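Thanks for coming, everyone. Please look at the structure on the screen while I talk. I'll take a sheet, then the cores, then the cysteines.

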Amino acid sequence: MIEANIGLIAKKEDGSELVNYQNDNFPSYLHVGSVFPGASWINKPHYHEDLEFITITKGKTGYNINGEIIYLEQGDTLMVNANQVHHNFTTQQESCSYYIAILHPSLLCSSYYVQSHFVDPIIKNENIPYVLLKHNDPFSIRIFSDVENLIDAIDSELSITICFLNLFKHIFSWCRGKGMLEYKTELDSTDSSFKNMLDFIRAHYTESLTLGDIAKAGGVSKTHCNNLFKQFAGTTPMNYLNRYRVERVAYYVTNTKLSMSEIAEKTGFSGASYMTETFKKINGVSPRVYASKAK
């Protein structure tokens, strides 16, 4: 795990998220955590090749998956399928506690037969952007236990693999029972347009970008660009750009000795004063105060 990447979304060359695995040689991230208003990791749309499981142990929270809003409460388990644009958000003032497991599907593929007959029918099925098991679903108790076993196995890669296989077996059975594996549709171009615009912002945030630049990257009009960001990210393209720049400012002020002017230049702001004003508007404190609190 790379400590400097905690709270940040690192990117691969194809634009997908580079998950901050606990072991660089084993693709899994397991965590017992909580989310609360103002948390640095909420409201950040991203996608990755991995399957993401979240089980709510206390309270309530929400997820946005490809623009669809999903509300979760205690006892619910959500699996976000591979390569789906998603982010979590808070739904109340109190914190929400959860188990989260992010695992690469390669851990399931012991043979081509297993991959083609059991794994691909789910992870490559455009009709399954997510699997939601509500707490009152008879199957949810089994899935809750599977995720809990994964968390308990954090110190053993072999045990993680076994638990992941068991969890996925139950997910596969649930999907098959619901008839979700029997058909496919064409991929919605909306998803790829939004992903392209996200990737463009993260690759060019240091430059002077306009709404037109972002829309062009997605091959859509300015109006449609605004609508997509409101649907998928809950904000405007330019607000998302500024929030991403501020996220990078937070990294530089806590991990480097660069001056405010140098950081402003590196993060796409026109000057240190505007950078400070924007940072304070989003985080409630100036970059210098943020840095001093982080020490």
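Start with strand S3 and strand S6, residues 86-89. They run antiparallel, and 4 bridges join them. One position to find here is Gly62, which stands opposite Phe89 in S6. Keep in mind that this is a predicted model.

Now the other neighbour. S3 is also joined to strand S4, residues 68-73, by 6 bridges, and this pair runs antiparallel too. Take two positions along it. Thr61 has Leu72 in S4 as its bridge partner. Tyr63 has Ile70 in S4 as its partner.

What about the turn? The hairpin of S3 and S4 has 2 residues between the strands. In that hairpin, Asn66 takes a positive phi near 55°.

Put the strands together. You get an open sheet of 3 strands, in the order S4-S3-S6, with antiparallel pairing. S4 and S6 are the edge strands, each pairing on one side only. From one strand to the next, the twist averages 25°.

How many residues of S3 are buried? S3 covers residues 60-65, and 5 of its 6 residues are buried, so the strand is largely enclosed by the rest of the structure. As a general point, side chains in a regular strand alternate between the two faces of the sheet.

On to the cores. The largest nonpolar core has 32 residues. Which of them touch the most other members? They are Leu51, Phe53, Leu150 and Ile171. Several elements give two or more residues to this core. The strands are S2 (51-58), S7 (96-103) and S8 (130-133). The helices are H1 (112-123), H2 (140-152) and H3 (157-177). H3 gives the most, with 9 residues.

Zoom in on Leu150. Set aside its neighbours within four places in sequence. Leu150 is then in contact with Leu30, Ala101, Leu103, Ile160, Cys163, Phe164 and Leu167. There is also a second, separate core, of 31 residues. Its members include Val85, Ile214, Ala215 and Ile263.

Last, the cysteines. Are Cys96 and Cys225 buried or exposed? The cut-off for buried is under 20% relative accessible area. Cys96 has 1%, so it is buried. Cys225 has 0% relative accessibility, so it counts as buried as well. A disulfide is a covalent bond between the sulfur atoms of two cysteines. How many disulfides does the structure hold? The count is 0.

That's my tour. Over to you.

Methods
Residues numbered from 1 in each chain as written. Predicted model: local features only at pLDDT ≥ 70, side-chain atom pairs only at ≥ 80, totals over all residues. Heavy atoms only, no water. Core = buried A, V, L, I, M, F, W, Y, C linked by side-chain atoms within 4.5 Å. Buried < 20%, exposed > 50% of the residue type's maximum accessible area, 1.4 Å probe, protein only. Contact = heavy atoms within 4.5 Å. Disulfide = S-S within 2.5 Å. Pairing = 2+ DSSP bridges. Axes fitted to C-alpha atoms, helices over the stretch in contact; angles between N-to-C directions.
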